[in-house]
Structure formats: C-alpha cells, structure tokens
Amino acid sequence: MAGNAHRIEKGVSRGNHFEIIVDGRRITAYEGETIGTAMMAAGLYILRTSTEKKEPRGIFCGIGVCQECRVTVNGIPNIQACKTLATPECCVES
Amino acid sequence: MEKAELAIIGGGPGGISAAVEAAGSGVNVTILDENARIGGQIFRQLEKGFTLTNPEAMGRDYQKSVDLFRQFKKVASRINYLNHATVWGIFDDHRIAYGRNGKSKTIEYKNLVIASGAYDRPVPFPGWTLPGVLTAGGAQNLVKNQRILPGKKILLAGTGPLQLVVAHQLIQAGADIAAILEVGDVKGMWLKLMQGMWGNWGYAGDGLRYVQTIHKAGVPIMQNHIITRANGNQHVEEAVIARVDKDWRVIHGTQKSLKVDTVCLGYGLVTSTELTRLAQCDHTYDSGLGGYVPVRSETMETSQKGIFAVGDGAGVAGSQVALTEGQIAGIAVVQALGRASGAEQKKTLAGLQKKLARHHRLRQVLDDISRPRPGLYELAEDETIICRCEDITFKQIKPLIQKEGIKAKDIKRRTRVGMGSCGGRMCGPILIELLRNLGMQVSKQPDGLNVRPPVKPVSLGVLAGAGDNQ
C-alpha cells in the first residue's frame with residue numbers, strides 16, 4: 001500500500017526542500033511540512049508500534065490529540081509527527 | 001508571575017473573537033495557544049513555506065478567517081499572544097500553569113475564557129487502528145494545510161455536514177472518493193432541515209455547493225450506511241460497509257466490501273473539557289453537543305465566577321457560533337472589569353444572542369440527524385482496541401461495563417483504560433457511551449474519567465522547573 005499518498009500541486013506553491021532521515025532512510029521534505037506529512041509522502045505510514053499487541057499505528061486524529069503519531073526525533077522520544085515540522089537533516093525513528 | 005486582566009486559552013475563532021472584543025475596549029489580554037499561529041483548527045494558517053496561488057479558491061471559511069485576523073491585528077498591541085503554550089493546570093487563586101519552550105510558567109488572571117475546541121468523535125470498530133484510517137478533521141488538516149492527499153481511493157464514513165465539507169475539499173484536491181456513508185437518516189429530515197436553514201443562508205449556500213461538487217464527481221452518498229470493519233495487512237486495503245436501521249444497528253446480510261486505501265471517520269465532534277473540568281465548573285452530559293459540556297449563563301460564564309467557556313469546547317456548534325460566543329464573553333469581561341458604559345453593550349449583547357438563537361435552530365436539526373444512536377457503539381468485537389495508548393481491548397472491559405453501578409473511573413483503575421498519553425481523550429468518550437448504551441447511569445458531573453494536572457503530556461523537565469518563576 002505504500003506510496004498512495006501524494007502532494008497536491010494545485011493552488012499552492014512550496015518553498016525549499018531538504019532531506020530528513022527516517023530510520024536510516026533519506027526522504028524529501030518541504031519547508032512547512034510536518035514529519036508526518038513528509039513520511040506519508042514517502043509512503044511511510046507506520047509511525048509507531050503499539051505497546052502490547054505490537055500493531056502498526058499511523059496518523060489518526062491528525063490534530064495532536066490522540067498521540068498515535070509519536071516518534072523519536074534527534075533522540076528525543078514522544079514527538080508528535082502530525083504537529084512537528086520537519087527540519088533539514090533531522091533524524092526520525094519510528 | 002505574569003498577570004492578565006483576561007487570560008484566554010485557545011487561539012481558535014472563539015478565543016480570538018473574545019480577545020478582539022475585550023482588547024478593543026482597552027482590556028489587557030494574554031492568549032495561551034498550543035499552535036504556532038492564531039486560527040485554531042478551522043482557521044488554521046498555512047505553515048511558512050507554503051504560498052497560496054489562488055486564495056479565492058480557499059472558500060468561505062478562509063475569507064472569514066482573513067476578516068478575523070484583520071480585526072486581531074488592529075488590537076494586537078494590547079494582546080500578549082503566546083504560541084506553543086500548553087496549559088497543563090488550572091489552580092485556585094486564579095492561576096494557570098503552562099509549558100512553553102521547555103519551561104513551565106504561571107500566569108495569574110482576573111477573568112478567564114476557555115476556548116478549548118473539539119475533536120472528532122472516536123468510534124471503535126474492528127480495524128480502526130490500522131494506518132490509513134484517520135479522522136475527518138485529520139484528513140481535512142492534511143489536505144487543507146499540509147496539501148497532501150493521504151491516499152488514492154478514499155472512503156468517508158460518518159454523519160453530518162462536516163463530511164460534505166471534507167468530501168468537497170478532497171475532490172477539489174483531486175481525490176478519488178469511493179463513497180460517502182451517512183449513517184443517519186437524512187431523507188426523513190428534509191422538511192426540518194429546510195426550516196432550520198431558513199435565515200441561515202450562508203450555510204444553505206455552502207451545503208448546496210458541496211453537494212453539487214460531490215454529484216459532479218459521481219461520488220455516491222449512501223444514507224443509512226456505516227463502516228463495520230477495516231481490513232488490511234499493515235495498512236487499510238478494504239472497508240466493509242453495511243446498511244443500518246434507525247438506531248444505527250447493522251442490518252445483517254447487507255454487508256459489502258469496498259477496495260480503498262484510506263478511510264476518513266467523521267462522526268461529529270466531541271468537546272475538549274479537560275480544562276473546564278479541571279477548573280471544577282459544573283457540567284452536563286449531552287451526546288448531541290459532543291459529550292460533557294460546561295453549564296453556562298447567557299454571557300457564557302461557567303458556574304465558576306470569572307471563568308467563561310466559548311466555542312466547540314463548550315458544546316459543538318461550529319465556527320460561527322464560536323465567533324459569536326467569544327464576542328459575548330468578551331463583552332461580559334469588559335463589563336465585569338467596569339470598562340463599559342452599559343446601555344450600548346446591552347444592545348449589542350441582545351443582537352448577538354438573537355444571532356445565536358438562529359444558529360441553534362439549524363444546529364438542533366443537524367443534531368437530530370447526527371446524535372449518536374446505540375448501534376454506533378456496538379461495532380467493537382472482543383479484540384477491538386478501545387484504548388489506543390494502552391492497547392486495551394473490548395474483551396478486557398466488557399465484563400466490567402456490565403457490572404451494576406460501575407463507574408468509568410472504576411474501570412480506569414482496574415484496566416488502565418484512560419491512563420495513556422492521550423489522557424483519556426480517545427477512550428474516555430467511548431467508555432461513557434458504552435456505559436450509557438448498557439443503561440448505566442452517567443452522572444451529570446463528569447465523574448467519567450477524573451482529570452488531574454498535567455492534563456497534557458508535559459515532559460518531566462518542564463514540570464521539574466515548574467517553581468522557577470513563582
């Protein structure tokens with residue numbers, strides 16, 4: 001199923017793009033995009049594995065309430081991928 | 001310690017409109033907002049980096065937000081706007097504790113407006129935790145503000161007009177929508193709907209435009225239909241849908257499967273009441289208004305003197321009502337501080353209250369269609385996750401919810417449901433509705449899941465420094 005999300009080109013122009021590192025893989029992000037958006041655009045939907053059942057979880061509420069999208073960014077755990085902007089060369093662990 | 005004549009929590013339409021009103025009359029206002037910029041969810045501004053090439057195409061909400069931001073700018077010199085501020089506690093003696101830039105701070109207020117907003121109603125069914133299943137509000141945020149389509153083939157399932165708004169936005173962004181499922185019964189409601197629309201021409205026009213877009217795109221709107229299951233390996237690949245009766249119970253033998261890669265759930269919104277609960281305001285329960293709602297006077301004051309609640313967080317009714325309620329609370333604060341002449345403000349208040357009544361007429365009809373019916377909470381199976389944070393299944397809580405006299409907080413203590421990082425925002429509303437469905441008494445006071453500070457995840461470092469500036 002990977003790769004079905006795509007950036008909308010209509011009605012908007014994007015600024016600079018740069019790379020971020022997700023689980024060792026380099027992906028593209030545009031200025032103003034959240035980590036969750038950049039990952040989704042790269043086909044990476046799984047942001048964490050659930051505690052007990054070890055099931056994949058992705059963006060659910062998308063507005064910072066549900067805490068499903070928590071990732072580790074530059075070594076800091078529990079960062080919400082849906083709210084946190086991607087920055088050049090930031091290192092994300094899902 | 002910082003001080004404010006008026007502290008406002010939340011930078012959405014309700015909070016900003018209260019700020020504009022009060023600051024316009026000379027009141028010093030501090031706004032505590034979690035976001036980077038004012039606007040809240042509905043009026044969220046694009047992040048730096050994105051530039052709109054055609055602002056006219058952004059629709060009426062966008063134009064309304066531009067108006068509000070312009071008003072805000074005019075009085076901004078009297079407003080201390082604190083972005084990225086997460087309120088984690090409201091204490092006696094008019095103190096608020098919030099985290100900002102890795103530090104905890106305290107502010108003392110004379111009056112407080114809580115405009116905490118709402119979020120999509122969580123509804124558990126098999127597969128609702130699969131990546132690719134997201135809320136309508138989340139999808140809207142992705143499309144409108146992040147300019148990304150979450151998938152190629154999308155199913156919308158839920159109830160109410162927000163679904164049409166989301167569908168309209170998705171279609172305009174080039175999405176392929178498999179279907180829109182409306183679980184409610186709209187057909188029998190047309191006459192009432194027309195009556196509610198009377199005088200609310202803005203909404204009526206918007207609704208018509210959305211439906212036109214949807215029809216033109218050839219997307220079926222399937223009334224009395226619900227999603228019963230999402231299937232897939234690591235991601236949604238299929239949705240199972242079914243016809244429902246008037247209680248939203250699945251009619252067996254009507255199940256159908258749709259190949260989709262994304263599911264958007266829009267079962268209306270639930271109120272964020274952690275802060276009004278923390279402030280020990282009286283509440284009532286009304287599932288049509290989004291769950292627990294603070295009891296308020298005509299001027300939006302809660303049972304706690306000097307604490308006002310406005311917008312969706314005080315009863316889900318949309319951005320227009322939030323703007324009006326914010327203005328009313330703003331005027332009330334100006335009066336409480338003795339900054340108003342009286343007569344003129346009374347006249348304005350009367351006009352605003354009339355406007356509210358008109359909105360509520362339409363709201364009531366929409367609530368009649370979308371108020372959750374019992375079938376909505378009967379989709380979960382034994383292995384369905386109820387508490388996403390702690391991975392607690394329906395099987396684990398089922399024997400408890402059937403116990404005579406049991407309360408949500410007892411279930412929390414026994415199963416850890418509601419103890420995870422979301423602070424019970426996801427499983428809390430589910431638990432209350434499950435209890436209600438089984439005929440259990442739900443107390444008017446939110447004994448549902450007690451709230452305690454910190455009400456939002458704040459790092460220990462922030463809390464450890466909490467005493468620094470007092």
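Two strands are taken to pair if DSSP finds at least two bridges between them. In the predicted model described here, this criterion is met across the chain boundary: strand S1 (residues 6–7) of chain A and S10(B) are joined by 2 bridges and run antiparallel. Within this pairing, His6(A) has Leu149(B) of S10(B) as its bridge partner.

The wider interface between the chains brings 48 residues of chain B into contact with 41 residues of chain A. On the chain B side, two or more residues each are contributed by strand S3 (51–52), strand S8 (118–120), strand S9 (133–135), H3 and strand S10 (148–149). Of these elements, H3(B) gives the most, with 6 residues. By residue class, the side of chain B that touches chain A divides into 19 nonpolar, 18 polar and 11 charged residues.

Chain B itself is divided into domain 1 (2–119 + 270–340), domain 2 (122–267) and domain 3 (380–464). A distance of 29 Å separates the C-alpha centres of domain 1 and domain 2 of chain B. Contacts between these two domains involve 6 residues of domain 1 and 5 residues of domain 2. The side of domain 1 of chain B that touches domain 2 of chain B comprises 3 nonpolar, 1 polar and 2 charged residues.

An open sheet of 5 strands is found in chain B, with the order S9-S17-S11-S12-S13 and parallel pairing. Its edges are formed by S9 and strand S13 (221–223) of chain B, each of which pairs on one side only. On average, neighbouring strands of this sheet are turned by 20° against each other, direction ignored. Within the sheet, the parallel pairing of S11(B) with S17(B) extends over 5 bridges, and Ile154(B) has Thr262(B) of S17(B) as its bridge partner. H3(B) packs on the sheet, where it touches S9, S11 and S17 of chain B. The direction of H3(B) makes about 85° with that of S9(B). H3(B) is thus described both in the packing on this sheet and in the side of chain B that touches chain A.

Helix H4 (residues 161–172) of chain B contains 12 residues and reaches 17 Å from its first C-alpha to its last, close to the 16 Å expected at 1.5 Å a residue. The buried residues in H4(B) are Leu162(B), Gln163(B), Leu164(B), Val166(B), Ala167(B), His168(B) and Leu170(B). Their cover includes helix H3 (136–144) and helix H6 (201–216) of chain B, together with strand S11 (153–158), strand S12 (176–182) and strand S17 (262–266) of chain B. After H4(B) comes Gly174(B), which has a positive phi near 95°.

A further position examined is Thr299(B), found in the loop between strand S20 (291–294) and strand S21 (307–309) of chain B. Thr299(B) is classed as partly exposed because 18 other C-beta atoms lie within 10 Å, whereas a buried residue would have 20 or more and an exposed one 12 or fewer. With residues up to four places away in sequence not counted, Thr299(B) touches Ile328(B), Ala329(B) and Ala332(B). Thr299(B) and Val236(B), 63 residues apart in sequence, are 46 Å apart in space from C-alpha to C-alpha.

Conventions:
Residues numbered from 1 in each chain as written. Chains lettered and ligands numbered in written order. Predicted model: local features only at pLDDT ≥ 70, side-chain atom pairs only at ≥ 80, totals over all residues. Helix = DSSP H or I, 4+ residues; strand = E, 2+ residues; numbered from the N terminus. Expected span 1.5 Å × (residues − 1). Contact = placed C-beta atoms within 7 Å. Domains from an automatic or database assignment. Nonpolar A, V, L, I, M, F, W, Y, C, P; charged D, E, K, R; others polar. Axes fitted to C-alpha atoms, helices over the stretch in contact; angles between N-to-C directions.
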